[in-house]
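User: I would like to learn how to read the features of a protein model, one at a time. Could you give me the general idea for each feature and then show me the case at hand?

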Amino acid sequence: MLKRLLKSFGNNSIIKHDLCIESPRLVSIGNNSSIMAHCTIFAGAGVEIGDNVQISANCVISGATHPLDPERRKEQINKNVVIANNVWIGMSVSILPGVTIGENSIIGAGSVVTKSVPQNQIWVGNPAKLLKELN
């Protein structure tokens, strides 16, 4: 059923129970990717998950935010989130609107990703920062 609701769902991908997706028609999941239990995706302008991506349990991917101005705070601002191929996202990670995570990168457990991550890097913390370059 989920395959029919999503924008696209790749071959051999796995989604565990209790996944919550707002606006599933804006979500693409590539081949051989996995999303573990209790994750939430707020699609915003769209969420693209590449091939061979591993998303651990209890993660939140949000493509939606609100203005800082209290008079406009009820408005929703939508931005794309892109998770490139071969990315590993640790348990309980939050990925915020407008973020791109580059190929082969790793996000450590419990991190809050507030800005884009280049390819081949490990980022950790709140807010997430570069820990190490991958060869």
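**Reading the model feature by feature**

Analyst: The largest nonpolar core has 28 residues, and those with the most contacts inside it are Ile49, Ile55, Ile83, Ile89 and Ile95. At least two residues of this core come from each of strand E4 (27–29), strand E7 (46–49) and strand E12 (80–83). This is a predicted model, in which local features need pLDDT of at least 70 and side-chain atom pairs count only at pLDDT 80 or more, while totals for chains, interfaces and linings use all residues. Residues are numbered from 1 along each chain as its sequence is written, and side-chain values use heavy atoms, with hydrogens and water left out.

User: What is a nonpolar core, and what do the words buried and strand stand for?

Analyst: In soluble globular proteins, nonpolar side chains tend to be buried together. A nonpolar core is here a set of buried Ala, Val, Leu, Ile, Met, Phe, Trp, Tyr and Cys residues joined through side-chain atoms within 4.5 Å. Buried means under 20% relative accessible area, exposed means over 50%, and partly exposed lies in between, with a 1.4 Å probe and protein chains only. Helices (H or I, at least four residues) and strands (E, at least two) are DSSP runs, numbered from the N terminus.

User: Which residues does Ile89 touch, leaving aside its neighbours within four places in sequence?

Analyst: A contact is counted when heavy atoms lie within 4.5 Å. By that rule, and without neighbours within four places in sequence, Ile89 is in contact with Gln54, Ile55, Ser56, Cys59, Ile83, Ile95, Ile101 and Ile107. Ile29 offers a second case: Ile29 sits in strand E4 and is buried at 3% relative accessibility. Not counting residues up to four places away in sequence, Ile29 touches Leu6, Ser8, Phe9, Gly10, Ser13, Ile15, Ile35 and Ile49.

User: How do I read a sheet, and which strands form the open one here?

Analyst: Strands of a sheet pair through backbone hydrogen bonds, either parallel or antiparallel. Two strands are taken to pair if DSSP finds at least two bridges between them. An open sheet of five strands follows the order E3-E6-E9-E14-E17, with parallel pairing, and its edge strands are strand E3 (20–22) and strand E17 (112–113), each of which pairs on one side only. Within this sheet, strand E9 (residues 60–62) and strand E14 (residues 94–95) pair in the parallel sense over two bridges, and Val60 stands opposite Ser94 in E14. Strand E6 (residues 40–42) holds Thr40, which is buried with a relative accessible area of 18%. Apart from neighbours within four places in sequence, Thr40 is in contact with Leu19, Cys20, Cys59, Val60 and Ile61.

User: Where is there a hairpin, and how many residues lie between its strands?

Analyst: E18 and E19 form a hairpin with two residues between them, and these strands run antiparallel, joined by five bridges. Ile122 has Lys132 in E19 as its bridge partner. Strand E18 (residues 121–125) also pairs with strand E16 (residues 106–107), in the parallel sense over two bridges, and there Ile107 has Trp123 in E18 as its partner. Lys129 lies in strand E19 (residues 128–133) and is exposed at 53% relative accessibility. Lys129 touches Ile122, Trp123 and Val124, not counting residues up to four places away in sequence. From Lys129 to Ile107 there are 22 residues in sequence and 9.5 Å in space, C-alpha to C-alpha.

User: How many disulfides does the structure hold, and why does Cys20 not form one?

Analyst: A disulfide is a covalent bond between the sulfur atoms of two cysteines, and the rule used here asks for a pair of cysteine sulfur atoms within 2.5 Å. The structure holds zero disulfides. The sulfur of Cys20 is 11 Å from the closest cysteine sulfur, in Cys39, which is too far for a bond. The sulfur of Cys39 is 4.7 Å from the closest cysteine sulfur, in Cys59, and that is also too far for a bond. Cys20 is partly exposed, at 41% relative accessible area, whereas Cys39 is buried at 3% relative accessibility.

User: Which residues form a salt bridge?

Analyst: A salt bridge is a side-chain nitrogen of Lys or Arg within 4 Å of a carboxyl oxygen of Asp or Glu, and the count by this rule is one. Arg72 forms it with Glu75, the closest N and O atoms being 3.2 Å apart. Arg72 is partly exposed at 39% relative accessibility, and Glu75 is partly exposed at 38%.
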